[in-house]
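Dear colleague,

I am handing over the structure we spoke about, with the sequence alongside. Please look through it first, and then read the notes below, which set out what was found.

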Amino acid sequence: MLKKDFLWGGATAANQFEGGYNEGGRGLATSDTKTNGSLTRKRKHSFLDENNQIVYLHGSDYIPQNYKSIIDENMYYPSHKAVDFYHHYQEDIALMAEMGFQCFRMSISWTRIFPRGDEETPNEEGLKFYDKVFDECLKYGIQPVVTLNHFDMPLYLADEKNGWLSRETVTYFLRYCETVFKRYKGKVKYWMTFNEINLLRGYDTLGVHEMNQQRYYQAMHHIFIASALAVKKGHEIDSENQIGMMLANILTYPETCNPKDVELELNVSRRLKYFFSDVQCRGYYPSYILKLLEREKIVIKKEAHDDEILKEGCVDYIGFSYYNSGVVTTREDAKSTLGNGVKMAENPYLQESEWKWPIDPIGLRISLNILWDRYQKPLFIVENGLGAKDQEEADGSIHDDYRVAYMRDHIIEMKKAVEEDGVDLMGYTPWGCIDLVSAGTGEMKKRYGMVYVDMDDEGNGSLKRLKKDSFYWYQKVISSQGEDL
Ligand code: BGP
């Protein structure tokens, strides 16, 4: 059996869900200059170059130091309206309550609280918005689970301070965290610091210009310090607070039992995943990364108490996303890559989603066990789901049996991890419980929700909310505590 207080719910993020980008005194965030990928092929940010010309660059491109972000009136930026939770929060939370949610994972938009990032005092109107959201949740007995930073940062800090490369950003982030911890004390108990910390890399998430390996590790060091200080502060402000990390759980398999493939998988999973959870759960840099930094001649500039800060700021739990698994190979002729030049192979045992993501429910059980064995800290599945195209029928119904099948298979494996393996699991919040903008592509047609939102890739549509078949199915799952699947 799952725990009595197991948290069933759903997950969203401000830049993909909230909208109202220029309302209530909110400042611009890096996510607000990110175009829709289905229009420009790749999601790109708009900048003014040294000749005052607008140029478009992908977040992971090399962005010259003097390029400044700009909003191009001729372009569509999905975060500006998203699916307008800003004006639909009452309706949306009522739908979540109807499904039986016990928790709702969402993120606070940093620039709603500190519009530039470096102000001394917060924006009261922004704080009030989240008061209303949390009160609305609590009215139905829904616990907010709040991500402090989900794939964005104040644009001003990115362009004027070089984002997380600057130590100052740690101070500003902590000011923001302290503000929301104090303001929402008694309303919010579950927090997470940085969404998918192991995927932060591009301009949107780190705000760093002229990125290279040296700068990457320095910026990540600042993020680790910021997260650890936030955990410490959060505990001081309210000892009830549970503050977790958030890991993109990229599960990798070696292609064969050739020890070279197995060794490659070990190194890949350390470099792309466990480095981040090791620092945040154990409180120090693992030896394999220290050696790697030495080999690559990367020197991280640390302040006097940084090692202590990391030790004192270990997280209470591990939130993670799980969508798929991948296969790594040492075969030279393999075509696709995982980044860092790591070669990937197809998994002949798995089917793929429409977006070519392999579907691997057993991988979820494996992941839960690996993380539990490694850290012995409570786990929380804070993202999981199937991105798929949905068809609205003439009567407004949406028959998403493919989504139900995906979730059912994953919940079955999740339960085995708890019931047969004894993993300590806090809850399950499927991604995009109400349809929202895709992070990767900026599209609307890649839908994850149990609630359909009438909007297309260019932002046209009535924004009306419709219950999909999965809505009724998930309602049953929650009310039966995962027994009726
Ligand atoms: C995770 C992010 C989410 C999200 C999800 C699905 O990486 O934390 O923000 O959107 O993946 O990805 P996508 O939207 O690209 O389908």
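Two strands are said to pair if DSSP finds at least two bridges between them. In this model, which is predicted, strand β6 (residues 143–149) and strand β7 (residues 190–194) run parallel and are joined by four bridges, with Asn149 standing opposite Phe194 in β7.

That pair belongs to a wider arrangement, in which eight strands close into a barrel in the order β1-β5-β6-β7-β8-β10-β15-β16, with parallel pairing. From one strand to the next, the twist averages 30 degrees.

Further round the barrel, β10 and β15 pair in the parallel sense over four bridges, and Ser321 stands opposite Glu383 in β15. Strand β15 (residues 379–383) is mostly covered, since five of its five residues are buried. Two bridges join β15 to strand β16 (residues 425–428), again with the two running parallel, and here Ile381 stands opposite Tyr428 in β16. Helix α11 (residues 259–282) lies across β8 and β10 (317–321), and its direction is at about 170 degrees to that of β8.

Within strand β8 (residues 242–248) you will find Gln242. Is Gln242 buried or exposed, or something in between? It counts as partly exposed, because it has 19 C-beta neighbours inside 10 Å, whereas a buried residue needs 20 or more. Apart from neighbours within four places in sequence, Gln242 is in contact with Lys189, Tyr190, Asp316 and Tyr317. Its C-alpha atom is separated by 8.2 Å from that of Val315, although the two residues are 73 residues apart along the chain.

As for the interior, nonpolar side chains in soluble globular proteins tend to be buried together. The largest nonpolar core here has 127 residues, of which Ile223, Ile318, Phe320, Leu379 and Met414 touch the most other members. Helix α10 (residues 213–237) supplies the largest share of this core, ten residues. A second core, separate from that one, has six residues, including Tyr253, Val268, Val342 and Ala345. Met414, if residues up to four places away in sequence are not counted, touches Leu364, Leu368, Ile381, Leu425 and Tyr428.

Finally, there is the ligand, which is surrounded by 15 residues, the closest being Glu196, Gly387, Ser438, Ala439 and Gly440. The shell around the ligand divides into five nonpolar, seven polar and three charged residues.

With best wishes

Conventions:
Residues are numbered from 1 along each chain as its sequence is written. This is a predicted model: local features need pLDDT of at least 70, side-chain atom pairs count only at pLDDT 80 or more; totals for chains, interfaces and linings use all residues. A nonpolar core is a set of buried Ala, Val, Leu, Ile, Met, Phe, Trp, Tyr and Cys residues joined through C-beta atoms within 7 Å. A residue is buried if 20 or more other C-beta atoms lie within 10 Å of its own, exposed if 12 or fewer, and partly exposed in between; C-beta atoms are placed from the backbone. Two residues are in contact if their C-beta atoms, placed from the backbone, lie within 7 Å. Axes are lines fitted to C-alpha atoms, for helices over the stretch in contact, and angles run from 0 to 180 degrees between N-to-C directions. A residue is near a molecule or strand if its C-beta atom, placed from the backbone, lies within 6 Å of it. Ala, Val, Leu, Ile, Met, Phe, Trp, Tyr, Cys and Pro count as nonpolar, Asp, Glu, Lys and Arg as charged, and the others, Gly among them, as polar.
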